[in-house]
Amino acid sequence: RGLSERESLVATYAIHGDSAKLIGYRLGISKATVSSVLKRVMRKLGVKTRPQLVERFGAFEPSA
């Protein structure tokens, strides 16, 4: 399954180190919603921690 637009945005902010509170502020959603979306993203990508998410999602980002 692919990621929805919201899931992709939350994941992108998360891999750049933004807190759930900051992500929520930027997207106009609650911190709890950010946590829920991030859990769903991690489940879809088969990772259990943020560092694993960075490793997995970073593979899709263009290298500088």
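Helices here are DSSP runs of at least four residues, and strands are runs of at least two, both numbered from the N terminus. With that in hand, the order of elements is easy to follow: starting at the N terminus, the chain reads α-α-α-α. The count comes to 4 helices and 0 strands. Please keep in mind that this is a predicted model.

**The chain as a whole**

The chain has 64 residues, and 30% of them are buried. Its exposed surface comes to about 4,400 Å², with 53% of that supplied by carbon and sulfur atoms. Contacts also link distant parts of the sequence: taking those between residues at least 6 apart, 53% join residues at least 24 apart.

**How H1 and H2 meet**

Let us look at a pair of helices, H1 and H2. Their axes lie 10 Å apart, and the two pack at an angle of about 135°. H1 is therefore oblique to H2, because an angle counts as oblique when it falls outside the ranges under 35, over 145 and 65 to 115 degrees. The crossing of H1 past H2 is right-handed.

Which residues in H1 and H2 meet? On the H1 side they are Leu9, Val10, Tyr13 and Ala14, and on the H2 side Ile23, Arg26 and Leu27. Sorted by class, this contact has 6 nonpolar residues, 1 charged residue and no polar ones.

**Two residues to find in the model**

Now for a visit to two single residues, Asp18 and Lys21. Asp18 sits in the loop that runs between helix H1 (5-15) and helix H2 (20-27), while Lys21 belongs to helix H2. Are they buried or exposed? The table gives the values.

| Residue | Relative accessible area | Class |
|---|---|---|
| Asp18 | 12% | buried |
| Lys21 | 64% | exposed |

The cut-offs explain the two labels: buried means under 20% relative accessible area, and exposed means over 50%. Asp18, at 12%, is therefore buried, and Lys21, at 64%, is therefore exposed.

What does Asp18 touch? Leaving aside residues up to four places away in sequence, Asp18 is in contact with Tyr13, Ile23, Arg26 and Arg50. Among these, Tyr13 of H1 and both Ile23 and Arg26 of H2 also take part in the meeting of the two helices.

Lys21 offers a link to another stretch of the chain. Lys21 and Ser35 are separated by 14 residues in sequence, and their C-alpha atoms are 9.4 Å apart in space.

Terms used
Residues are numbered from 1 along each chain as its sequence is written. This is a predicted model: local features need pLDDT of at least 70, side-chain atom pairs count only at pLDDT 80 or more; totals for chains, interfaces and linings use all residues. Side-chain values use heavy atoms; hydrogens and water are left out. Buried means under 20% relative accessible area, exposed over 50%, partly exposed in between (1.4 Å probe, protein chains only). Contact means heavy atoms within 4.5 Å. Axes are lines fitted to C-alpha atoms, for helices over the stretch in contact, and angles run from 0 to 180 degrees between N-to-C directions. A crossing is left-handed if the near helix is turned anticlockwise from the far one by less than a right angle, and right-handed if clockwise. Ala, Val, Leu, Ile, Met, Phe, Trp, Tyr, Cys and Pro count as nonpolar, Asp, Glu, Lys and Arg as charged, and the others, Gly among them, as polar. Accessible areas come from the Shrake-Rupley method with a 1.4 Å probe; for residues, only the protein chains shown count as cover.
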